[in-house]
Protein chains: 2
Amino acid sequence: MSRAEFEPERRRSDSARAKGRLTFTRMDVIRAGTRLLDTEGVEKLSMRKLANTLGTGSSTLYWHVRDKDELLLLILDETLREVTVPAAGTWDVRLLETLVRCHEALLPRPALVDVLWRAAWELGPETLRVADALVGLVAESGLPDDEVGDSYMALITLLFGFVAGERTSPGNPRYSEARAEGETAGSVPPYPNLMRYAPGAGVQTMARQFRYAVERFITGIKLRVAEAEHERAAGAPRSS
Amino acid sequence: MSRAEFEPERRRSDSARAKGRLTFTRMDVIRAGTRLLDTEGVEKLSMRKLANTLGTGSSTLYWHVRDKDELLLLILDETLREVTVPAAGTWDVRLLETLVRCHEALLPRPALVDVLWRAAWELGPETLRVADALVGLVAESGLPDDEVGDSYMALITLLFGFVAGERTSPGNPRYSEARAEGETAGSVPPYPNLMRYAPGAGVQTMARQFRYAVERFITGIKLRVAEAEHERAAGAPRSS
DNA sequence: ACCTGAACACCGTTCAAGT
DNA sequence: ACCTGAACACCGTTCAAGT
């Protein structure tokens with residue numbers, strides 16, 4: 001995998017357009033891809049169908065975009081452009097708020113999570129901007145330096161997971177089925193805990209669950225900070 | 001999506017085998033699929049290639065298995081069969097240990113996470129057994145009943161995420177690249193926090209990061225339990 | 001510089017037909 | 001009851017050729 005190209009000006013076809021030729025830009029491809037991703041699902045976003053909505057063959061797209069992965073990465077970067085990081089407030093509320101904004105931005109396009117996971121660190125500037133801000137906010141907690149990366153990883157894992165899992169979560173499909181099954185048949189194991197603690201009557205939105213998860217994790221960080229401070233004061237003295 | 005069929009006896013071809021015909025069982029298909037998944041990657045596990053290793057055409061597989069999704073679900077269930085839940089100890093260490101065992105079991109086959117996420121609650125008995133145990137352990141924490149499901153979701157999200165992300169994590173590909181980039185070019189934003197808190201010199205294994213994440217979350221749960229108890233004692237309603 | 005058509009090498013799934 | 005071959009309806013990507 002070589003690097004994706006994120007500079008939008010590099011590939012515009014103004015020159016051709018000026019000459020009167022009908023053509024479209026790299027941004028056109030990105031935008032068309034985004035729209036297709038939003039209206040249909042992931043599985044409907046193929047290079048061929050995308051080319052179709054633009055009125056060309058799929059081979060044309062490969063002039064503007066190296067491959068499908070790069071296209072999705074570009075869509076991801078465009079998606080994260082809208083995420084702003086709050087400037088005021090304590091680190092914990094800013095961190096939570098930023099993550100919630102990321103969650104909101106990504107939720108309509110869960111397919112992007114797969115790319116994100118595959119992409120190691122081949123990310124666009126907007127993605128890196130948000131990532132950098134998140135790492136910074138985690139660092140503000142006062143966590144030992146060598147734990148900042150781990151906590152950041154955990155938080156974005158929660159973020160990605162709660163985006164990717166938007167279909168698994170709500171109380172509808174199987175929780176209730178498992179309960180019914182357990183009550184009726186004696187041959188089937190009952191799974192009492194699943195039955196008992198199934199999501200309550202109210203509608204459980206992913207947003208609520210995500211917020212809850214991040215809140216618990218952040219209090220976990222706070223406790224760890226206090227712990228580490230106590231350790232430093234007692235055991236291994238480090239001059240300040 | 002109708003239910004997957006998890007009963008192994010239903011589909012064995014002993015009768016045919018008894019008659020001297022050469023044939024294979026549903027379990028053969030599952031095992032061959034597992035082996036193919038382990039030796040090659042996900043992308044190499046196609047129904048056609050799988051059939052090939054068994055010496056047939058792909059259409060044969062559809063007698064034993066409804067579709068590829070069901071096959072992967074069966075492989076998942078087989079994978080989780082090995083996960084045992086420790087019987088002794090406090091809830092927190094048993095919970096952590098169980099999650100670590102799940103992580104170890106799933107790590108060689110990250111592809112299964114995708115199925116898990118798509119499968120809502122159409123899961124096999126082994127998967128449900130482990131899920132039920134995890135929910136039970138979370139409940140033992142003393143968390144308010146209506147928060148058990150949320151905490152469980154958060155924990156399995158961490159589990160899934162740290163399995164799925166096995167490629168993204170280590171310090172190799174881009175962290176260091178981003179640092180180099182930030183140092184050289186003035187035109188490129190530097191991402192100072194990413195550069196500063198990149199995974200340290202030591203090898204960061206997924207296992208370590210996962211353990212760290214779960215530990216922080218569990219202490220978050222403990223703090224929430226104390227909080228909720230205090231609230232109840234004071235007669236106050238729930239906090240946000 | 002940008003677009004095109006045809007081709008390559010794949011997929012998952014179905015289905016009539018065989019034994 | 002179990003297997004087969006052929007076919008359907010797709011994929012992503014490449015590449016020589018056009019303008």
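**Two copies, two domains**

Author: Welcome! In this predicted model, G220(A) is the residue of chain A that comes closest to the rotation axis, with its C-alpha at 2.1 Å.

Reader: What makes the two copies related as by a two-fold rotation axis?

Author: A turn of 180° and a shift of 0.0 Å along the axis lay chain A on chain B with an RMSD of 0.2 Å, superposed by least squares on the C-alpha atoms of residues with pLDDT of at least 70 in both. The two copies are therefore related as by a two-fold rotation axis. The same surface serves both, as 98% of the contact residues of chain A recur in chain B; contact means heavy atoms within 4.5 Å.

Reader: Which domains does the assignment give for chain A?

Author: Domain 1 covers 3-65 and domain 2 covers 80-168 + 202-234; such bounds come from an automatic or database domain assignment. Seven residues of domain 1 of chain A are in contact with eight residues of domain 2 of chain A.

Reader: Why is the pair R109(A) and D38(A) called a salt bridge?

Author: The definition asks for a side-chain nitrogen of Lys or Arg within 4 Å of a carboxyl oxygen of Asp or Glu. The side chains of R109(A) and D38(A) meet at 2.6 Å, N to O, so the pair is a salt bridge. Between domain 1 and domain 2 of chain A, the count is one salt bridge.

Reader: How should I read the numbering and the cut-offs?

Author: Residues are numbered from 1 along each chain as its sequence is written, and chains are lettered from A and ligands numbered from 1 in the order in which they are written. Local features need pLDDT of at least 70, side-chain atom pairs count only at pLDDT 80 or more, and totals for chains, interfaces and linings use all residues, while side-chain values use heavy atoms, leaving out hydrogens and water.
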